[in-house]
Structures are given as structure tokens and as C-alpha cells.
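Dear colleague,

Please find below the structure that I am handing over to you, together with its sequence. My notes on the ligand site and the pockets follow it.

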Amino acid sequence: MIKENVLKIFEKVKISAEKSGRKFEDIIILAASKTQPIEKILKAYEAGIRYFGENKVQEGISKIEALKDIKDIHWHLIGGLQTNKAKYAVKYFEMIHSVDRKELSDELDKRAKKENKIMPVLIEVNVGEEETKYGVKPKDLFNLYEYCLTKENLDIQGLMCIPPYSENPEDSRKYFIMLRQLKEELENKFNKKLKHLSMGMSHDFEVAIEEGATIVRIGTAIFGKRNY
Ligand SMILES: *Cc1c(COP(=O)(O)O)cnc(C)c1O
């Protein structure tokens, strides 16, 4: 089942990438593997997935450890991060998608220095300004970005968002456009290119790619419904 799901997603990603003038290889397909056991993660790997995203540091580390002999597997932290877990996030993950406040950037920078590492990060934007969601408010993004730019051991590579949920994927489009425009505004204001837009999940990744996503985070459409 996972293999068929992955192949179907590859096909859809290819079509959406071409619609936006890009190629399949330009898009990182990241499997959101929270709650999924190692066996299922391996199935996705065998089907061709190389990027995995975990929400919780501890759960992620146990999977990273279990699969450490596989060299071409990439682990991203995509869930909200508590400052007191920053140390382990820096040590184990290749990218962190959820920087959303100054104190967290301070701590990540400090821990990255200790690890002798330049940590790739994305800034998470709360595009729907929802109380229940992580992310910096759009109006505070410039200030946070400017602050993060002063952090020597952080490499800010782009923006991430989770739009308000809606059955209709077209409802996400305006938020994806917003994130793309915010990225362009930052690029112009600070005269520095940003590589990534991490946006799009199982139900709306095609729309996200059409609007410029470089990383899509897909859980249910690969693994089926999650059992918590
Ligand atoms: C779970 C999760 C996803 C994937 O969600 P699906 O709807 O299952 O595709 C993407 N991003 C984040 C941050 C998540 O927590």
C-alpha cells in the first residue's frame, strides 16, 4: 500500500512541478512520519522516499538512531520546538522547519556553535493567525528574520507554513501565495535569496507546488491514517 501511495504522489508531484515550470527533482518530498513505526518508514524508503519529517525531538531521535546505518536518509524536524530541546534538535536533525521566536533562535545558535555546526533552519509563519498554531505572525516576520540573520551559526533557508485546515485544497492557495510573497519581500529587502518554501500536506500539496513549494510534507497520503 505504501509503495503504491508513494508512486501516485511522485506522479502528481511531477505534473504539478511542470505546471509551475519546474522539474520533479526540484521538489523535496518529505514523508511526515510522526507516530509511524520503523517498518513503515522503511517501506516508504524502499519506495523511493529519502526525506522524513518528525514532530517530536525524542520520537525523531529514536528513529534516527534505529536507521543510522542508512546513509542517504535525511531527517527534518517539522513540529514546534521547545527551547529546552534545542540542543538535541541541532545535534540530530538536518533541518529545523519551526523557528518562530527570538529565544528559540538564540538557543539554536548557541547549541549549533557548541556542535561546531551551521544549522539550516526555516522560519514558520502562522499565515492564518490562528491561536492554536505555532509560527510567527506575518507582521512580525521581518523583525524576526532580521534578528536571525545576526546569528552566525544559523543558516536561514526559507519559510514554512501550515494554513488553516479546509476540506477544499483551493482554500489553501491564498496562504501559499502569501508565504511566497513574504519570501520575495524578504529577499528584496535583505538582498539575499531564500531557497525554500516548505508548504503543502496530503490534501493540498499539488496546489502548494503550483504556488512554488520546494518542500512538501506528506503524511496520511503516504502512510494512511495515523494511530495515536
Ligand atoms: C503531520 C504533519 C504533516 C502531514 O500531515 P498530513 O495531513 O498527514 O499529510 C505536515 N506538516 C506537519 C508540521 C505535520 O505535523
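**Ligand site and pockets**

In this predicted model, a polar side-chain atom of R217 is placed 2.9 Å from a nitrogen atom of the ligand. Two further side chains make comparable approaches to ligand oxygen atoms: a polar side-chain atom of S202 lies 2.5 Å from an oxygen atom of the ligand, and a polar side-chain atom of R226 lies 2.8 Å from an oxygen atom of the ligand. On its own the ligand has 390 Å² of accessible area, and the protein covers 90% of it.

The shell around the ligand consists of A32, K34, N55, I78, I162, M201, S202, R217, I218, G219, T220 and R226. By class, this shell holds five nonpolar, four polar and three charged residues.

Where does the ligand sit? It occupies the largest pocket, whose volume is about 380 Å³. The lining of the largest pocket comprises 20 residues, and those nearest its centre are K34, I162, M201, R217 and R226. Each of these five is also listed in the shell around the ligand. Sorted by class, the lining of the largest pocket has seven nonpolar, eight polar and five charged residues.

You may also wish to look at the second largest pocket, which has a volume of about 190 Å³. Which residues line the second largest pocket? They are N55, K56, V57, Q58, G79, G80, L81, Q82, K85 and Y134. Three of the residues in this lining are nonpolar, five are polar and two are charged. N55 appears both in this lining and in the shell around the ligand.

When you open the model, I would suggest beginning with the contacts of S202, R217 and R226 to the ligand, and then turning to the lining of the second largest pocket.

With kind regards

Technical notes. Residues are numbered from 1 along each chain as its sequence is written. This is a predicted model: local features need pLDDT of at least 70, side-chain atom pairs count only at pLDDT 80 or more; totals for chains, interfaces and linings use all residues. Side-chain values use heavy atoms; hydrogens and water are left out. A residue is near a molecule or strand if one of its heavy atoms lies within 4 Å of it. A polar contact is a pair of N or O atoms within 3.5 Å; within protein, one must be able to donate a hydrogen and the other to accept it, and residues adjacent in sequence count only if both atoms are side-chain atoms. Accessible areas come from the Shrake-Rupley method with a 1.4 Å probe; for residues, only the protein chains shown count as cover. On a 1 Å grid over the protein atoms alone, a cavity is a set of points where a 1.4 Å probe fits but cannot get out, and a pocket is an open set with protein on both sides within 12 Å along at least five of seven lines; lining residues have an atom within 4 Å of a point. A molecule sits in a cavity or pocket if more than half of its atoms lie within 2 Å of its grid points. Ala, Val, Leu, Ile, Met, Phe, Trp, Tyr, Cys and Pro count as nonpolar, Asp, Glu, Lys and Arg as charged, and the others, Gly among them, as polar. Grid points are joined across faces, edges and corners, and a volume is the space filled by probe spheres set on the points.
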